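Let's take a friendly walk through a protein model, one piece at a time. Keep the structure open beside the text and look for each part as it comes up.

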Amino acid sequence: MKPKNQRLVLVSAALVAVLVAVLLAMWGLRSQASFFYTPADIAAGKARDGEAMRLGGMVQRGSVKHLPDGVTIRFLVTDGKAQTPVVYRGIVPDLFREGSGAVAEGRMENGTFIADTILAKHDERYMPPQLGNLAAEHKAGKTLEK
Amino acid sequence: MIAEAGLAALWLAAGLAAFQFLLMILSLRGAAEVGRAMRSIAVVQGALTLIAFAMLLIVFARSDMSVALVFKNSSAVKPFIYKLAGAWGNHEGSMLMWVTILAVAGAFLALLSHRTSERTLLAALGAQAVLALGFYAFLLIASNPFSRLWPAALDGRGLNPLLQDPGLAFHPPTLYLGYVGLSVAFSLAVGALLTGEVDSKLARAMRPWVLGAWILLTLGITAGSYWAYYELGWGGYWFWDPVENASLMPWLAATALLHSINVLAARGALKAWTMMLAVIAFSMSMVGTFLVRSGILTSVHAFAIDPERGTFLLALLAIYVGAAFTLFAIRGATLKEGAPFELVSRESGLVINNLILTVILGVVFVGTLYPLFVEAVSGEKLSVGAPYFNAVAGPLALLLAVLVGIGPLLAWRRETRPVFKQLPVPALLGVTALAITIILWPAMHILPRLGFMVAAYLAAASILPLTGRNPLRAPLATWGMVVAHFGIAVALLGMASNAAFTSERLAIARPGEILSVGPWQVQLQEVTPTAGKNWTAVEAELRAARGDDLVTLAPQTRYFSDPPMETNESAIRTFWNGQLYTVVGKQDASGAWQLRLWWKPFVTLIWAGGALIALGGALALLGRIWRRRARHSADTDFRRRGYA
């Protein structure tokens with residue numbers, strides 16, 4: 001190969017690689033990206049059954065129920081406008097509490113959210129950005145009540 | 001006084017960096033005599049940042065609560081080692097560490113690099129000074145680690161307990177050394193583009209830095225993966241968390257650079273290509289720092305939620321990356337093309353390696369940033385996780401692993417021998433492994449199945465470069481390559497085995513009850529309260545039996561008071577053929593305890609593979625240094641005898 005041609009081949013190879021990466025990524029994102037929904041979104045019918053997604057909101061006070069097998073819990077997630085029932089089998093993460101924020105990964109089935117994982121809110125200071133606005137609203141609501 | 005001394009050292013260092021940059025402009029205009037001054041300034045600048053960092057360590061060691069950062073991130077009752085580690089377990093401290101490493105790397109570049117031309121070295125020192133300057137500004141304006149708290153507090157708020165772990169003490173520094181080591185490659189590339197001296201000499205000067213940074217990144221990622229595995233108590237070793245991706249992306253770019261730089265050093269080819277990769281590798285380090293430090297991600301690690309800092313870092317990133325790419329666009333095309341090579345040659349093999357790594361990097365990059373992009377544009381929130389990365393990057397990684405077995409067999413410039421004659425044995429091993437998985441485990445998923453096949457093939461293929469000659473006389477660098485490539489096979493085997501054969505048990509148990517998981521019978525003995533220096537815990541005593549093996553494990557749930565938080569401390573027992581992983585959860589209303597048990601056959605091979613890959617890098621680095629020494633002393637010997 002002549003040096004000139006070699007450079008041409010290399011440059012086109014690099015461009016093709018970048019193009020392939022973008023196409024692959026777009027293909028993957030179309031089928032695999034999961035949306036973040038709040039209970040209000042779900043009430044509005046945005047989520048399809050069986051589609052992988054994340055659900056975020058506050059754990060409704062007094063809603064956490066332990067099932068007899070000891071490792072499954074049911075609870076309600078709320079965003080102040082709507083509620084979504086959630087079922088989770090597993091050890092709930094640190095700082096999972098009634099009245100505090102939670103993000104769950106899973107899918108909707110017949111009106112219930114089946115959670116595969118509950119994302120840990122690992123620190124009092126740490127709040128998933130998606131919940132930031134929600135928490136602010138929550139606080140605002142509380143001060144109004146007072 | 002100590003905090004003020006640290007701050008003063010930082011300001012001085014920033015001033016020197018600005019001076020160093022001005023001298024670089026002079027040197028590019030032909031003032032050759034500034035060289036010595038620049039070297040000394042770079043060294044003093046490095047020393048000053050070390051002093052600043054030492055001052056930060058001292059205020060943390062003394063729990064000086066009049067320093068705001070100590071108050072926010074430490075407490076007097078913490079074990080000493082975590083007081084020290086707390087110094088970099090927070091935003092400001094970790095950025096100071098970043099800058100310290102950057103400046104010290106600049107100092108070493110000034111002291112050690114005699115292999116490049118003086119002009120390129122001075123330009124590189126100037127580039128390093130500009131990099132440092134931006135981060136000094138960031139520290140001094142937006143994240144001063146030494147700001148005082150008035151009145152001083154009695155005790156601090158404590159360190160995030162998840163970070164109170166030996167892993168924290170070493171994981172971030174290792175990664176940072178890797179990230180910032182790549183800054184030297186970046187600066188050398190920028191310097192060489194400025195002077196136009198992109199040649200094999202430059203590649204040889206750059207190679208130890210790239211190798212060293214790459215070894216540390218490999219170790220950092222491996223250690224981080226193990227830390228997440230045992231500390232988070234979820235039993236997984238890689239979560240495709242954006243922060244993990246932030247460390248993976250520079251590693252992918254550095255891996256590509258590591259391979260292409262050999263082509264430039266040995267054959268003088270792939271000039272523009274290698275410079276581009278050097279720029280990309282450090283750009284990825286900065287992207288990673290931006291992602292982690294700006295706090296725009298949903299992540300365990302992202303604790304700096306502050307838009308001002310995010311904007312500052314983004315601006316720095318845009319300026320540096322933008323300037324480097326502009327320089328590349330102007331100068332890249334004027335570089336003379338290097339030695340030509342045929343389609344079937346070592347060079348081509350390395351180009352293909354680079355292309356696949358680039359595609360993987362692109363896929364990870366897009367997947368990591370896509371949610372941010374979508375949210376900025378449409379306000380819609382979404383997340384991209386393991387399903388995407390496994391489906392898109394997994395097959396590419398397997399394809400790359402197949403080619404890793406072939407590339408090293410090719411000759412430079414032009415391959416005329418029938419290389420594939422050496423491959424039947426590895427190929428046969430791969431097919432046999434595939435056949436075994438099909439016969440014994442017909443229900444296995446496709447990815448682990450392919451993983452077993454490729455691992456078996458690559459384990460054999462990777463050692464082929466040592467056959468057909470006396471392996472003891474092969475160069476150390478060749479051994480390094482073989483060990484690293486063999487490490488890929490080992491890690492792959494661990495991942496495939498973990499994916500295919502892990503058994504999991506989640507149940508409640510009362511004391512005395514027995515649960516089975518995999519080949520193990522696990523009995524809950526009792527659950528007792530216990531306490532450490534700044535935590536209390538409940539500890540479960542588990543007795544596990546398998547045939548004649550009898551072990552006890554003690555997983556805990558710890559409650560920290562400052563800040564208030566619970567963590568699951570898993571208990572793990574390692575055997576030659578796998579790990580038994582246990583977590584204790586909460587007590588239910590009936591008095592039974594939640595237990596989560598895993599048996600993970602050969603999972604340890606994942607990290608053993610990572611360690612082998614890093615060891616391979618270390619052997620190659622040693623080999624290069626040794627050979628240089630040997631050549632150097634032979635040269636002086638030659639001269640001393642009066643031949644030259």
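## An arginine in a loop

A:R61 has 12 other C-beta atoms within 10 Å, and because a residue with 12 or fewer counts as exposed, A:R61 is exposed. Please keep in mind that this is a predicted model. You can find A:R61 in the loop of chain A that links β2 (53-59) with β3 (65-66).

Which residues does A:R61 touch, leaving aside those up to four places away in sequence? They are A:E98 and A:G99. In sequence, A:R61 and A:G99 are 38 residues apart, yet from C-alpha to C-alpha they are 5.2 Å apart in space.

## The strand before the loop

Now step back to β2(A). Is this strand mostly covered or mostly open? It is mostly covered, with seven of its seven residues buried.

The table lists the strands of chain A that pair with β2(A).

| Partner of β2(A) | Direction | Bridges |
|---|---|---|
| β1 (residues 34-37) of chain A | parallel | three bridges |
| β6 (residues 101-109) of chain A | antiparallel | six bridges |
| β4 (residues 72-78) of chain A | antiparallel | two bridges |

Some single residues help you to follow these pairings on screen. A:R54 in β2(A) has A:F36 standing opposite. A:M58 has a bridge partner in β6(A), namely A:G101, and another in β4(A), namely A:T78.

## Chain A as a whole

How many helices and strands does chain A have? The model shows three helices and seven strands there. Following the sequence from start to end, you meet them in the pattern α-β-α-β-β-β-β-β-β-α. Chain A has 146 residues, and 34% of them count as buried. If you take the contacts in chain A between residues at least 6 apart in sequence, 49% of these join residues at least 24 apart.

## Over to chain B

Chain B is divided into four parts: domain 1 (1-164), domain 2 (171-182 + 196-410), domain 3 (423-501 + 608-640) and domain 4 (503-601). Between the C-alpha centres of domain 1 and domain 4 of chain B there are 43 Å.

Look next for two helices of chain B, α12 (residues 346-378) and α13 (residues 386-404), whose axes come within 10 Å and cross at roughly 170°. Why is α12(B) called roughly antiparallel to α13(B)? Because angles over 145 degrees count as roughly antiparallel, the crossing of α12(B) and α13(B) earns that description. On the α12(B) side, the residues in contact include B:I352, B:I356 and B:V363, while those of α13(B) include B:F389, B:L396 and B:L403. Sorted by class, this contact between α12(B) and α13(B) has 15 nonpolar and two polar residues, and no charged ones.

## A sheet in chain B

To finish, find the open sheet of four strands in chain B, where the order is β2-β11-β10-β9 and the pairing is antiparallel. Its edge strands, β2 (503-509) and β9 (571-575) of chain B, each pair on one side only. From one strand to the next, the twist averages 15°.

Within this chain, β10 (residues 578-587) and β11 (residues 593-601) pair in the antiparallel sense, joined by eight bridges. Which residue of β11(B) stands opposite B:Y581? That residue is B:W598.

Notes
Residues are numbered from 1 along each chain as its sequence is written. Chains are lettered from A and ligands numbered from 1 in the order in which they are written. This is a predicted model: local features need pLDDT of at least 70, side-chain atom pairs count only at pLDDT 80 or more; totals for chains, interfaces and linings use all residues. Axes are lines fitted to C-alpha atoms, for helices over the stretch in contact, and angles run from 0 to 180 degrees between N-to-C directions. Angles under 35 degrees count as roughly parallel, over 145 as roughly antiparallel, 65 to 115 as roughly perpendicular and the rest as oblique. Two residues are in contact if their C-beta atoms, placed from the backbone, lie within 7 Å. Ala, Val, Leu, Ile, Met, Phe, Trp, Tyr, Cys and Pro count as nonpolar, Asp, Glu, Lys and Arg as charged, and the others, Gly among them, as polar. Domain bounds come from an automatic or database domain assignment. A residue is buried if 20 or more other C-beta atoms lie within 10 Å of its own, exposed if 12 or fewer, and partly exposed in between; C-beta atoms are placed from the backbone. Two strands pair if DSSP finds at least two bridges between them.
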